Amino acid sequence: MSSKINVRENGLHVEFDVRDNGVVELTDFSPVEIAGDRGERLSLQEDVYHPLLEVQITGKSTDNMHGYKHNFSSASLDFRYVTHQMEEKDKTKELVIVLRTDYAMEAVYHMKFFKGIPVVQVWVELKNQSQEEIGLEYVSSFVYRSVSGNGVLPYFEKTDIYTPYNSWCCEARWKKDDIRDLNLTGMPVNGFNMPGFGINRYYYGGRGSWSSCEYLPMGFAHDRETNETYCFEIENSGQWHVEYGSEPGSGLYLALSGPTEAEHGWWKNLKPGDTFVTVPVAFGTVSGGISEAAAALTRYRRAIRRPNEDDEKLNVVFNDYMNCLMGDPTEEKERMIIDKAAELGCEYYCLDAGWYDKGYWWDRVGEWVESPERFPHGLRSVCEYARNKGMIMGLWLEIEVMGIACELAKKLPDDWFICRHGKRHMDNKRYLLDFRNPEVRKYCMSVVDRLIEDYGVGYFKVDYNVTMGYGSDLHSDSCADAILEHYRCLYQWYKEIFAKHPQLVIENCGSGGQRMDYGMLKLLSLQSTSDQTDYIYNSYIAANVASAVTPEQAGMWVYPYEDEEEHVIYNMVNGILLRPYISGMVWKLSDNSMELIREGIALYKELRNDLKTGVPFFPLGFCSVKDEAMAYGVQCDETAYLSVFTPKTDTVDIPLQLDRKIKKVQVIYPKKENCEYRYENGVLTVHMPQKAAARLFKIMY
């Protein structure tokens with residue numbers, strides 16, 4: 001008879017079955033109030049198993065017909081229970097389950113619980129304790145085989161899947177699908193109305209070294225019957241894989257992993273004594289909808305993030321790039337804009353791209369020495385000028401690349417770079433440095449140290465505008481494994497930087513939001529969310545992006561480029577409930593427009609202590625570029641704030657269903673409201689002075 005491992009933590013009920021033969025199954029992962037509200041767990045026969053992890057090993061068969069799905073691997077059933085324990089720390093508890101095969105392969109399954117948060121972090125260690133090499137083709141970080149398993153209805157009659165499309169200048173675009181429209185329907189099997197041997201799947205993932213080029217590494221699934229929402233993310237900056245599919249005797253499964261052989265060409269030769277660790281993933285479930293799930297993920301992301309002063313203070317940054325100098329800095333221009341940034345109340349000043357070359361700088365990056373033509377008195381003089389104005393100086397770096405015209409790149413050996421087929425990989429006139437090489441890390445650290453020590457830089461915007469394709473075949477078991485190891489070395493490099501320079505602030509930028517993941521954001525303070533230059537389209541990103549990033553880490557451009565009141569207000573509302581990232585054509589703005597920006601920045605400084613602990617909510621759901629109006633809010637302990645955008649209309653009705661009784665709603669930006677609104681029967685109706693307008697509201701409990 002099987003035994004059980006039961007955990008009740010943070011409003012979650014998590015249950016594992018240890019079957020008679022030692023196979024361990026994750027049988028329940030539910031909110032406590034829903035756990036047990038499930039039909040009888042069906043199995044076609046006693047010898048049908050749903051193992052805790054999926055491992056595909058070279059030379060091992062699949063256990064059943066599976067199509068392209070990553071389930072039914074015979075090797076997964078080889079792992080049998082040995083022991084388990086719960087390890088307690090200050091704010092976390094970690095369940096550790098040890099499994100072992102009869103050919104001396106050990107798996108250590110980790111599930112970490114965070115106090116008060118219904119989201120866990122999961123990863124797996126595989127240890128080769130045999131005398132033979134073992135080839136790995138797929139290893140799941142996490143599998144749950146009973147998504148939408150509570151209630152009475154089968155999953156295919158009640159599940160919505162939210163897919164997070166992402167692309168350059170149009171980040172965080174969610175699409176909701178009834179699972180039947182994704183062809184993941186059930187069929188009668190042995191008289192049961194339940195899913196059978198469906199060989200199709202629904203999947204998405206990251207293909208190369210831009211983790212969020214096509215999709216965000218995360219997702220939601222909603223059970224309409226029980227009003228339960230599942231949330232998850234994969235914390236890796238390279239390749240990753242999300243897969244939904246059906247199984248007999250179980251239902252809908254969700255499998256999360258890093259790179260795979262089938263999708264990415266990943267293969268790992270695990271030699272005797274070696275250990276492979278999967279990428280960490282997060283998984284959680286809440287009673288409620290996407291707002292409640294996004295709130296849970298937000299709290300989790302704060303719990304795993306590197307403690308740092310910047311995410312406590314939330315300083316206001318001015319950056320000279322977007323709708324401003326656009327990569328054409330000079331000493332004269334910088335001094336003029338520094339004056340404007342100081343007038344606005346900015347606390348950091350970041351000099352963006354172009355400072356290191358007199359002309360076409362794109363293919364000459366890599367040595368990181370200022371251009372004397374652009375800065376005749378030296379870059380240090382500009383840095384000192386910003387400091388004398390009360391701001392900490394920042395610089396743009398693209399530290400992982402060297403341009404093909406960079407003189408240094410021509411002198412370096414090939415093993416400094418991503419290589420394939422005996423040649424350096426080039427992407428848009430750039431070579432890509434390989435951080436697996438310790439000499440590369442040493443050189444890049446010397447660049448950072450020099451800029452900090454010689455120029456007093458306290459902030460870096462680290463960009464990543466090109467990708468390494470499917471990796472490097474130099475010194476690697478597979479090209480994809482080189483990407484995985486590159487990022488693990490890059491993460492360690494960042495940890496070493498912060499150990500040396502604990503006050504340093506580093507912004508994560510990958511052509512805007514193309515590397516927006518919590519592999520990076522566990523370490524770095526804030527995220528550049530997009531390169532979108534149109535302020536209206538930017539609001540569609542602003543209204544959704546707190547689903548992907550904590551509000552205080554989501555750097556959102558505030559870049560007025562028209563001297564018109566509603567234009568300036570709209571720009572400011574884009575950023576206030578995120579991390580306002582100031583730029584724009586400030587030299588052409590009138591006193592009135594500058595005052596509106598000053599007012600917005602001053603308001604943000606009043607709100608930021610609330611925002612760093614508040615959680616996002618989406619009263620109109622996730623928005624689409626087809627929507628005429630959007631709303632995004634942050635709910636805090638004592639109050640809530642709501643950004644309302646009307647890009648294609650002038651009137652919108654917004655249902656406000658918060659967990660507190662609302663006493664009053666009022667506009668707090670701009671001070672001169674200049675719009676009509678009323679709150680009645682749980683609905684806020686807003687009538688703007690024109691189309692393409694935005695306002696910020698305060699909701700009082």
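**Notes on helix 8 and other local features**

1. The buried residues of helix 8 pack against a mixed set of elements: helix 6, strand 25 (392–397), strand 26 (401–403), helix 7 (407–411), strand 31 (459–462) and helix 9 (479–500). Please keep in mind while you look around that this is a predicted model. The residues of helix 8 that are buried are Val440, Tyr443, Cys444, Met445, Val447, Val448, Asp449, Leu451, Ile452 and Tyr455. You will notice that Asp449 is one of them.

2. How far does helix 8 reach from its first C-alpha to its last? Helix 8 covers residues 438–455, which makes 18 residues, and its reach is 25 Å, close to the 26 Å expected at 1.5 Å a residue. Both ends have a detail to look at. At the start of helix 8, asparagine 437 brings a side-chain oxygen to within 2.8 Å of the backbone nitrogen of glutamate 439. Just after helix 8 comes glycine 456, with a positive phi of about 75 degrees.

3. Helix 6, one of the partners of helix 8, also meets helix 5. The axes of helix 5 (residues 331–344) and helix 6 (residues 379–388) cross at roughly 10 degrees and come within 10 Å. With angles under 35 degrees counted as roughly parallel, helix 5 and helix 6 are therefore roughly parallel to each other. Helix 5 contributes Glu331, Glu334, Arg335, Ile338 and Asp339 to the contact, while helix 6 contributes Ser381, Val382, Tyr385 and Ala386. Sorted by type, the residues of this contact are 4 nonpolar, 1 polar and 4 charged.

4. Helix 2 (residues 290–304) is worth a visit too. Its 15 residues should span 21 Å at 1.5 Å a residue, and the end C-alpha atoms are indeed 21 Å apart. Of those 15 residues, 12 are buried, so helix 2 is largely enclosed by the rest of the structure. Alanines 293, 294, 295 and 296 are among the buried residues, and so are Arg301 and Arg302. The others on the list are Ile290, Ser291, Leu297, Thr298, Tyr300 and Ile304.

5. Now for some backbone geometry. Which residues have a positive phi without being a glycine? Cysteine 169 has a phi of about 75 degrees, and alanine 692 has one of about 60 degrees. Cysteine 169 sits in the loop between strand 11 (159–165) and strand 12 (173–178), and alanine 692 in the loop between strand 42 (683–687) and strand 43 (693–700). Cysteine 169 is buried, at a relative accessible area of 15%; alanine 692 is buried as well, at 17%.

6. There is also a cis peptide bond to check, between tyrosine 669 and proline 670, with omega at about 0 degrees. Proline 670 belongs to the loop between strand 40 (664–669) and strand 41 (676–680).

7. Is serine 209 buried or exposed? Serine 209 is buried, with a relative accessible area of 0%, and its place is in the loop between strand 15 (201–206) and strand 16 (218–223). Its side chain makes a polar contact of 2.8 Å with the side chain of tyrosine 464. Beyond its neighbours within four places in sequence, serine 209 is in contact with several residues, including Ser237, Gly238, Thr467, Met468, Ile483, Tyr487 and Arg515.

8. Aspartate 310 lies in helix 3 (residues 310–313) and is buried, with a relative accessible area of 5%. Apart from residues up to four places away in sequence, aspartate 310 touches Asn315, Val505, Ser525, Leu526 and Arg579.

9. Phenylalanine 16, in strand 2 (residues 12–18), is buried with a relative accessible area of 0%. Its contacts beyond four places in sequence include Ile5, Val24, Leu26, Leu52, Leu95, Ile97, Tyr109 and Met111. Valine 369 is 353 residues away along the chain from phenylalanine 16, and their C-alpha atoms are separated by 57 Å.

10. Finally, have a look at tyrosine 537 in helix 10 (residues 535–542). Tyrosine 537 counts as partly exposed, at 45% relative accessibility. Leaving out residues up to four places away in sequence, tyrosine 537 touches Arg173 and Gln532. From tyrosine 537 to asparagine 6 the distance is 47 Å, C-alpha to C-alpha, with their positions 531 residues apart in sequence.

Terms used: Residues numbered from 1 in each chain as written. Predicted model: local features only at pLDDT ≥ 70, side-chain atom pairs only at ≥ 80, totals over all residues. Heavy atoms only, no water. Axes fitted to C-alpha atoms, helices over the stretch in contact; angles between N-to-C directions. Helix = DSSP H or I, 4+ residues; strand = E, 2+ residues; numbered from the N terminus. Parallel < 35°, antiparallel > 145°, perpendicular 65-115°, else oblique. Contact = heavy atoms within 4.5 Å. Nonpolar A, V, L, I, M, F, W, Y, C, P; charged D, E, K, R; others polar. Expected span 1.5 Å × (residues − 1). Buried < 20%, exposed > 50% of the residue type's maximum accessible area, 1.4 Å probe, protein only. Polar contact = N/O pair within 3.5 Å; in protein donor to acceptor, adjacent residues only side chain to side chain.
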